[in-house]
Every structure is written in C-alpha cells, then in structure tokens.
Amino acid sequence: MTTMESISKGEEDIGYNINNVKKAKLQSTLAALLDDPILADVPKKPSLSDVDTLISLELGSAMRISVLKLDGTSFDVALMNSATVKDLKLAIKKKIIEMEQSKMGHRHISWKHVWTNFALSFCNQKLLDDNSALQDFGIRNNSQVQFVPYVMSKGSARHSKRRKHRFFHGLNNRA
C-alpha cells in the first residue's frame, strides 16, 4: 500500500466516523425532543407522514379522533380532514401495533378477523364503506368512534355457504 492510498483510506475512516458522530448526535437530539411533554403525541419512530399529519393538526387541516375500545379504554389517532374510513382503519391498526410493541413486543393481530367481527361506529351509525369520507358521517375534530360487534350478513359475504356446499358436493360426486 502506498502512502497516498493509506492517506485516502485514513480520510475515509475519518469521514465515516464523522458521519456516525453526526448520526448519533441527531438520534440523541431527536430522543430528547420526543421526551418533551409538548411532543407527547409524536410516535417514538415517526414517519414523515406522521409528522406531516401532526403539523396539519396544529394548522387545522387535520383532526384528532378518539377510538373507544370494547374494554372501555380509548386512544387517539390523527387524520387529515379528507380521510376515509379506510384511512381511519389503517391509523387504528398502526396505533395499536405501536402500543402493543411498546408493551409486550410483537404480537400478531389478525386484522381480517377484527374487521369481519367488529365495526367502527359513530352516533350509532356503522362505518362500513371503506371509501366513504369520515366527514360524510359527521365526524369532525375531537369526535369519538367506537368498536361495536358486527356480524356480516350472508348476502355481503364473499362466498355464501350454499355456493361452498355446491363446490364441495361436486367434488364428492367425482370421487
């Protein structure tokens, strides 16, 4: 190795160490900011969309919705004013996963099972159409939605029992 190669390698190591120091300093500053009580509603590992929604909330172009669970506890999610029922469900899923991971680590939740057996409700009106805007239901800033038991009607299920029965019946006749 020549002296020139050794100098450039040393500069790379210094540059690499400087970047690590800057990254560590940024992480410690971010951790200190997130521990501030004023920023208590910011997630521990915020994404750009999380921060954007919280800024919009402060500016009035987003809303905070309280979600009441069946056990009587509640939590808040922040959504843009133009959000749909699907956006609300995704925000709930993200918030619950974040809460579960902070308590017990990773725990699998079958969201297909959740949305098949429970619905969100606002003022005794079930929010069943994922594409509907929350404002169409009268949901505004500081509104509260709640989980309610929900049994999907046979007509709205993807495969009716009759069709499934015919499918398996046809297999038995061929055997």
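This section describes the fold, an aromatic cluster, a pocket and several individual residues of a predicted model.

The protein chain has 175 residues, of which 25% are buried. Its secondary structure consists of 5 helices and 5 strands. Read from the N terminus, these elements follow the order α-α-β-β-α-α-β-β-β-α. Contacts between residues at least 6 apart in sequence were examined for their span, and 51% of them join residues at least 24 apart. The chain exposes a surface of about 13000 Å², and 56% of that surface is supplied by carbon and sulfur atoms.

Aromatic rings were considered next. A pair of such rings is described by the distance of the centres and the angle of the planes. The whole structure contains 2 aromatic pairs. One of them is formed by Trp 115 and Phe 147, whose ring centres are 5.7 Å apart and whose planes meet at 20 degrees; because planes under 30 degrees apart count as stacked, this pair is a stacked one. Trp 115 belongs to helix 4 (residues 111-117) and Phe 147 to strand 5 (residues 144-149), so the pair ties together parts that are 32 residues apart in sequence. Both partners fall under the 20% limit for burial: Trp 115 has a relative accessible area of 18% and is therefore buried, and Phe 147, at 10% relative accessibility, is likewise counted as buried. Ring pairs join Trp 111, Trp 115 and Phe 147 into a cluster. Trp 115 also has a charged residue over its ring: Lys 89 lies over the face of Trp 115, 4.9 Å from the ring centre.

The second largest pocket holds about 560 Å³ of space. Its lining comprises 20 residues, and those nearest the pocket centre are Asp 50, Thr 53, Ala 78, Ala 91 and Lys 94. Helix 2 (48-59), strand 2 (74-80) and helix 3 are the elements that each give two or more residues to this lining. The most is given by helix 3, which provides 6 residues.

Helix 3 spans residues 85-104 and includes Lys 86. With 45% relative accessibility, Lys 86 counts as partly exposed, because this value lies between the 20% limit for buried and the 50% limit for exposed residues. The C-alpha atoms of Lys 86 and Leu 127 are 9.6 Å apart in space, although the two residues are separated by 41 positions in sequence.

Leu 127 is also among the contacts of Phe 137. Phe 137 is located in the loop between strand 4 and strand 5. Despite this loop position, Phe 137 is buried, since its relative accessible area is 15%. Beyond residues up to four places away in sequence, Phe 137 touches Val 85, Phe 122, Gln 125, Lys 126, Leu 127 and Ser 132. The contact with Val 85 spans 52 residues along the chain, with the C-alpha atoms of Phe 137 and Val 85 separated by 9.8 Å.

Ser 66 was examined as a residue of strand 1 (residues 62-68). Ser 66 has a relative accessible area of 15% and is therefore buried. When neighbours within four places in sequence are left aside, Ser 66 is in contact with Ser 74, Phe 75 and Asp 76, and also with Ser 143, Gln 144 and Val 145. Strand 2 covers residues 74-80 and strand 5 covers residues 144-149, so among the contacts of Ser 66 are residues of both strands.

Two asparagines have positive phi values. Asn 124 has a phi near 60 degrees, a positive value in a residue other than glycine. Asn 124 is placed in the loop between strand 3 (118-122) and strand 4 (125-126). With a relative accessible area of 75%, Asn 124 is over the 50% limit and therefore exposed. Asn 142, also not a glycine, has a positive phi of about 65 degrees. Asn 142 lies in the loop between strand 4 and strand 5, as does Phe 137. Unlike the buried Phe 137, Asn 142 is exposed, with a relative accessible area of 60%.

Terms used
Residues numbered from 1 in each chain as written. Predicted model: local features only at pLDDT ≥ 70, side-chain atom pairs only at ≥ 80, totals over all residues. Heavy atoms only, no water. Helix = DSSP H or I, 4+ residues; strand = E, 2+ residues; numbered from the N terminus. Buried < 20%, exposed > 50% of the residue type's maximum accessible area, 1.4 Å probe, protein only. Contact = heavy atoms within 4.5 Å. Areas by Shrake-Rupley, 256 points an atom, 1.4 Å probe, with all protein chains shown as cover. Phe/Tyr/Trp six-rings, centres within 6.5 Å; stacked < 30°, edge-to-face > 60°. Lys NZ or Arg CZ within 6 Å of the ring centre and 35° of its normal. 1 Å grid on protein atoms, 1.4 Å probe; cavity = no way out; pocket = protein on both sides within 12 Å on 5 of 7 lines; lining within 4 Å. Points joined across faces, edges and corners; volume = space filled by probe spheres on them.
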